[in-house]
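This briefing is intended for reading alongside the sequence and the model. It begins with one pair of strands and then turns to the wider fold, the helices and a few individual residues.

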Amino acid sequence: MLFFQHQKILQHFKHTVVTAANASKALEILSDKSTHIDLILLDLIMPEMNGIAFLDLVRSSCPNVQRIMMAASDELPTLSGTQNIFRFVSKPWDRDELANTIDDAFQIYGLLRENAELWALSQSQ
């Protein structure tokens, strides 16, 4: 899981949390092939670039990574047309809602990975 803020809050969800102080560092982490990222959880407002611009940059290099964006509730209407995001979480967020959203994203990621493996197997036969 890659996340920009709130690392201590997320570690209790029993996932490995990799943090980045800014978009440049996050891009560096994502380009490191030894680091496996399943989920990107980020804020709309971040240092260096906004969350949508960041996700546009990583879309092609990490197509199956699940993406959750947090934004203030008054920012959500402007994000309604944004694609390539699993779910938006309104701030201030509820801990249980965030935990359920993260669990849902990991389930979807697992299904996508399993589907890709089955597709590759079917093509090799």
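In this predicted model, five bridges connect strand S4 with strand S5 (residues 87-91), and the two strands run parallel. Within that pairing, Ala71 of S4 is placed opposite Ser90 of S5. Strand S4 itself spans residues 66-72, and on strand S3 (residues 39-43) there is a further parallel pairing with S4, again over five bridges.

**Overall organisation**

- The protein chain contains four helices and five strands.
- Followed along the sequence, these elements are arranged in the pattern β-α-β-α-β-α-β-β-α.
- Of the 125 residues in the protein chain, 36% are buried.
- Among contacts in the protein chain with a separation of 6 or more, 54% are accounted for by residues 24 or more positions apart.

**Strands S3 and S4**

- Two bridge positions help to locate the S3–S4 pairing: Leu39 is opposite Gln66 in S4, and Leu41 has Ile68 in S4 as its bridge partner.
- Strand S3 is mostly covered, with five of its five residues buried.
- The side chains of S3 point in two directions: Leu39, Leu41 and Asp43 point one way, while Ile40 and Leu42 point the other way. Residues of both sets are buried, Asp43 included.
- Strand S4 is also mostly covered, since six of its seven residues are buried.
- The connection from S3 to S4 involves helix H3 (residues 51-58), and the three elements form a right-handed β-α-β unit.

**Packing of helices H2 and H3**

- Two packed helices are described by the angle between their axes and the distance between the axes.
- Helix H2 (residues 23-31) packs against H3 at an angle of about 25°, and the two axes lie 11 Å apart. Because angles under 35 degrees count as roughly parallel, H2 is described as roughly parallel to H3.
- The crossing of H2 past H3 is right-handed. The residues that make the contact are Ala23, Ala26, Leu27 and Leu30 on H2, together with Phe54, Leu57 and Val58 on H3.
- Ala53 also belongs to helix H3, and its C-alpha atom is separated by 9.7 Å from that of Ala23, with the two residues 30 residues apart along the chain.
- Is Ala53 buried, exposed or partly exposed? Its relative accessible area is 31%; buried means under 20% and exposed means over 50%, so Ala53 counts as partly exposed.

**Backbone features in the loops**

- Glu48 is located in the loop between S3 and H3.
- The phi angle of Glu48 is positive, at about 80°, although the residue is not a glycine.
- The relative accessibility of Glu48 is 51%. Because the cut-off for exposed is over 50%, Glu48 counts as exposed.
- Pro92 is situated in the loop between S5 and helix H4 (95-124).
- The peptide bond leading from Lys91 to Pro92 is cis, with omega near -5°.

Note on methods:
Residues numbered from 1 in each chain as written. Predicted model: local features only at pLDDT ≥ 70, side-chain atom pairs only at ≥ 80, totals over all residues. Heavy atoms only, no water. Buried < 20%, exposed > 50% of the residue type's maximum accessible area, 1.4 Å probe, protein only. Pairing = 2+ DSSP bridges. Right-handed = clockwise from strand over helix to strand, strands pointing away. Axes fitted to C-alpha atoms, helices over the stretch in contact; angles between N-to-C directions. Parallel < 35°, antiparallel > 145°, perpendicular 65-115°, else oblique. Left-handed = near helix turned anticlockwise from the far one by under 90°. Contact = heavy atoms within 4.5 Å.
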